Amino acid sequence: MKVLGKFVKILTILGVFSLSVFALEEGVDYKTLQKPLNVPKNSVVKVFSYDCQHCYKFDKSVTKKLMSKLDGVKFIPYHLSSKCKLGETASKIFASLIAIDETDGIDLLSDESKFKKAKFAIYKARHDKGDDFDNGKDKERFIKLALEAANVSQSQYEKSLASPKAKELIDAWFDSYDVAVISGVPAFVVSGKYLINLDSATSIDKMADIVKELLAK
């Protein structure tokens, strides 16, 4: 019994030590936002811009894999409209298509998502082909590209854009500027108030661990 007691004591000590090793440090692994985002606690917000090449890379190789490790956690995209000349137009497109996806019950990370299809069509045009849409002047072609990729008509787009849900999203996304000022984009915010330092997230698994620990706060 004495041997067992010592063994349990050792395990307890090791457990405490292990927790201390992996404990997150504010200012190093994450920052607490002074102005939290108005989102559910059990969520991860990704602040992005279609004009950001790193946002594109994260969406290709990180975002979906990260969320697959976070069972039951809601993924919420926030588009930064102020970063580029067609930013406001892109926000309108994305908000409209997210509203359609949510009405249809489609996960925003699914390949069936109209939001995702449009987002990647724009990403590819901008970053793979170097298309700047006549320095941001060709708004009509920009919208047409996105809607064709999503298989959404102009009238469907306009109807959804006028919906309360789309308007709510666009209004909420103005708060993404305050996050981007701190860290740039992409930016990941947990529970609406903890901004992850991506330099500390050295792998998808490590990033998932950081999210889980912040969700538990």
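A residue is called buried when its relative accessible area is under 20%. Cys55, with a relative accessible area of 0%, is therefore buried. Keep that cut-off in mind as you explore this structure, which is a predicted model. The tour below goes from cysteines to salt bridges, then to contacts between distant parts of the chain and a charged patch.

**Cysteines**

- Cys55 has company: Cys52 is buried too, because its relative accessible area of 5% is under 20%.
- How many disulfides are there? The count comes to 0 disulfides, where a disulfide would need a pair of cysteine sulfur atoms within 2.5 Å.

**Salt bridges**

- Let's turn to charged side chains: the structure holds 11 salt bridges.
- One of them joins the side chains of Asp51 and Arg126, with 2.6 Å from N to O. Asp51 lies in the loop between strand E2 (43-48) and helix H2 (53-61), while Arg126 belongs to helix H5, so this pair ties together parts that are 75 residues apart in sequence.
- Asp51 is partly exposed at 22% relative accessibility, and Arg126 is partly exposed at 24%.
- Another salt bridge pairs Glu102 with Lys165, whose closest N and O atoms are 3.4 Å apart. Why does this pair tie together parts that are 63 residues apart in sequence? Glu102 sits in helix H4 and Lys165 in helix H9 (residues 164-173), so the link runs between those two helices.
- Both partners have some access to the outside: Glu102 is partly exposed with a relative accessible area of 37%, and Lys165 is partly exposed at 28%.
- Asp138 and Arg141 form a salt bridge as well, with their closest N and O atoms 3.1 Å apart. Asp138 counts as partly exposed at 25% relative accessibility, and Arg141 is partly exposed at 35%.
- Salt bridges can also join up into a network, and here one links Lys35, Asp175 and Asp178.

**Distant in sequence, brought together in space**

- Take another look at Lys165, this time with Thr103. These two residues are 62 residues apart in sequence, and their C-alpha atoms are 9.8 Å apart in space.
- Thr103 is placed in helix H4 (residues 87-104), the helix that also holds Glu102, the salt-bridge partner of Lys165.
- Is Thr103 buried or exposed? Thr103 counts as exposed, because its relative accessibility of 68% is over the 50% cut-off.
- A second pair is Val190 and Thr32, which lie 158 residues apart along the chain with their C-alpha atoms separated by 9.7 Å.
- Where is Val190 found? Val190 is part of strand E4 (residues 187-190). At 0% relative accessibility, Val190 counts as buried.

**A positive patch on the surface**

- Which residues form the positive surface patch? The patch is made by Lys57, Lys60, Lys124 and Lys129.
- Lys124 lies in helix H5 (residues 114-128), the helix that also contains Arg126 from the salt bridge with Asp51.
- Lys124 is partly exposed, with a relative accessible area of 43%. That value passes the patch cut-off of over 30% relative accessible area, so Lys124 meets this condition for patch membership.

Definitions and conventions: Residues numbered from 1 in each chain as written. Predicted model: local features only at pLDDT ≥ 70, side-chain atom pairs only at ≥ 80, totals over all residues. Heavy atoms only, no water. Patch = residues over 30% accessible without salt bridge, like charges linked within 9 Å, V, L, I, M, F, W, Y side chains within 5 Å. Areas by Shrake-Rupley, 256 points an atom, 1.4 Å probe, with all protein chains shown as cover. Salt bridge = Lys/Arg side-chain N within 4 Å of Asp/Glu carboxyl O. Lys, Arg positive; Asp, Glu negative; His and termini not counted. Charge placed at Lys NZ, Arg CZ, Asp CG, Glu CD. Helix = DSSP H or I, 4+ residues; strand = E, 2+ residues; numbered from the N terminus. Buried < 20%, exposed > 50% of the residue type's maximum accessible area, 1.4 Å probe, protein only.
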